[in-house]
Amino acid sequence: MSQYHAVPVPPMSIRFDQAAGTLSPEGPTLTRRMSDLEGLFRDHEAWEKAVADGDPVVYSVISSPVPEIDRELPQSITTIQPGTTGGELWMTKGHQHPNHQGEIYLGISGRGGLLMFDGTETRWVEMTPGTIGYMPPGWAHRSVNIGDEPYSFLAVYPGGAGHDYGWVLEHGMGLRALSGADGVELVDYVEG
Ligand code: 6PG
Ligand code: NI
């Protein structure tokens, strides 16, 4: 028995109901509306208009009860709605994990992209149901819905990783994912 046996949550199974979009037992749920994505879309005017036109929900994150603390391994399921703003596919804010920690995603439904950026190099991984995407330590990550239905994926990450959103505002993500004639078109990240 390890010295870490006395944990805040016991061994457990967690049920994901895809139709209902719920976890049981459940932890916190986060809803990100367009207004929460300030400064992230290339076309600022299109973003402002979308905020004024009903401020739609862009994505939600439901979490298991496993806490975000050192040595624990929390999970969450993100669902990104389909859509574009100024031609840019709807996406998560994107973040870096302080102290550089790895993370995995598993595609559950819909079609997505996992954009990773280490400050110099960029990687794009297409995510379909069953795809495992791996983010090594030090790679900021953003998810994009590249299909026309909701895109859902499971994330598993170290509980002490933390989330640094300022990093992406400062450094960008290397590339942007636009809606193109053949699906997604990746273009250089340009400020503003
Ligand atoms: C994490 C995961 C993932 C992510 C969501 C929302 O570290 O917790 O990468 O659960 O937080 O997909 O993305 P943003 O955190 O970038 O808004
Ligand atoms: Ni992460």
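This report describes the overall build, the nonpolar core and the salt bridges of one protein chain. The model is predicted.

**Overall build**

The chain has 192 residues, and 42% of them count as buried. Its secondary structure comes to 2 helices and 15 strands. The radius of gyration is 17 Å, close to the 16 Å that the globule rule gives for 192 residues, so the chain is as compact as a globular protein of that length. The C-alpha trace spans about 55 × 35 × 30 Å along its principal axes.

Contacts reach across the sequence. Take the contacts between residues at least 6 apart: 68% of these join residues at least 24 apart. The exposed surface of the chain is about 9,800 Å². Carbon and sulfur atoms supply 50% of that surface.

**The nonpolar core**

The largest nonpolar core holds 34 residues. M34, L37, F41, Y105 and M173 have the most contacts inside it. Both helices and several strands contribute. Helix 1 (44-52) and helix 2 (166-171) each supply at least two residues of this core. So do strand 4 (57-63), strand 9 (112-117), strand 12 (140-145), strand 13 (151-156) and strand 14 (175-180). Strand 9 gives the most, with 4 residues.

M34 shows what these contacts look like. Leaving aside residues up to four places away in sequence, M34 touches F41, W47, A50, V51, D55, P56, V58, T85 and W90.

**Salt bridges**

How many salt bridges does the structure hold? There are 3. The table gives the closest N and O atoms of each pair.

| Acidic residue | Basic residue | Closest N and O atoms |
|---|---|---|
| D53 | K49 | 3.1 Å |
| E88 | R176 | 2.8 Å |
| E121 | R123 | 3.0 Å |

The pair of R176 and E88 links distant parts of the chain. R176 lies in strand 14 and E88 in strand 7 (residues 88-89), 88 residues apart. Is this pair buried or exposed? R176 is buried, with a relative accessible area of 3%. E88 is buried as well, at 1%. Both values fall under the 20% cut-off for buried residues.

The pair of D53 and K49 sits at the surface. D53 has 52% relative accessibility, so it counts as exposed, because the cut-off is over 50%. K49 is exposed too, at 54%.

E121 and R123 fall in between. E121 is partly exposed, with a relative accessible area of 38%. R123 also counts as partly exposed, at 42% relative accessibility.

Terms used. Residues are numbered from 1 along each chain as its sequence is written. Chains are lettered from A and ligands numbered from 1 in the order in which they are written. This is a predicted model: local features need pLDDT of at least 70, side-chain atom pairs count only at pLDDT 80 or more; totals for chains, interfaces and linings use all residues. Side-chain values use heavy atoms; hydrogens and water are left out. A nonpolar core is a set of buried Ala, Val, Leu, Ile, Met, Phe, Trp, Tyr and Cys residues joined through side-chain atoms within 4.5 Å. Buried means under 20% relative accessible area, exposed over 50%, partly exposed in between (1.4 Å probe, protein chains only). Contact means heavy atoms within 4.5 Å. A salt bridge is a side-chain nitrogen of Lys or Arg within 4 Å of a carboxyl oxygen of Asp or Glu. The radius of gyration is taken over C-alpha atoms; the globule rule is 2.2 Å times the number of residues to the power 0.38. Accessible areas come from the Shrake-Rupley method with a 1.4 Å probe; for residues, only the protein chains shown count as cover.
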